[in-house]
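Please look over the sequence and the fold below before reading on.

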Amino acid sequence: QVQLVESGGGLVQAGGSLRLSCAVSGRTFGRVSMVWFRQAPGKEREFVAARSVSGGTYYAASVKGRFTISGDSAKNTVYLQMNNLKSEDTAGYYCAAQVKRYGSSWYSTSAADFTSWGQGTQVPVSS
């Protein structure tokens, strides 16, 4: 298990951009499959984007073309760049991680597959 600390949330206008960060503790960054989920008030948690250990990226249809997940091994940090934000993107955003072997292409869109979670960061989008 790893510790995750998120930052970067905040109020943004529709059409604007925001970058979320998820710092990964320890020396496991090179072996963690990362994912971002979000949960809007009164709704279930939903998959947003994933990044496998091998660097593959995957997106929910609702954010594809607007959001980008990336990693910086020098900073042990995964980012979620969010562009052209919409009011329906309003939610709490959570990063999660699962340690895998080096070079793994594994990823998941299911929250149940991840054992390490960040505390969450709020992203209200005003219309």
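The questions and answers that follow concern aromatic rings and one loop residue. This is a predicted model, in which local features need pLDDT of at least 70, side-chain atom pairs count only at pLDDT 80 or more, and totals for chains, interfaces and linings use all residues. Residues are numbered from 1 along each chain as its sequence is written, and side-chain values use heavy atoms, with hydrogens and water left out.

Q: How are the planes of Tyr 58 and Tyr 107 arranged: stacked or edge-to-face?
A: Rings of Phe, Tyr and Trp (its six-membered ring) pair if their centres lie within 6.5 Å, and planes under 30 degrees apart count as stacked, over 60 as edge-to-face and the rest as tilted. A search of the whole structure finds 5 aromatic pairs. For Tyr 58 and Tyr 107, the centres are 3.5 Å apart and the planes differ by 5°, and the pair is stacked.

Q: How many residues apart are Tyr 58 and Tyr 107?
A: Strands are DSSP runs of E, at least two residues in length, numbered from the N terminus. Tyr 58 belongs to strand β6 (residues 57-59), while Tyr 107 is in the loop between β9 and β10 (116-117), and the pair links distant parts of the chain, 49 residues apart.

Q: Is Phe 114 buried or exposed?
A: Buried means under 20% relative accessible area, exposed over 50%, and partly exposed in between (1.4 Å probe, protein chains only). With a relative accessibility of 5%, Phe 114 is buried.

Q: What is the phi of Asn 76?
A: Most residues other than glycine have a negative phi. Asn 76, in the loop between β7 (67-72) and β8 (77-82), has a positive phi near 50°.

Note on methods: Helices (H or I, at least four residues) and strands (E, at least two) are DSSP runs, numbered from the N terminus.
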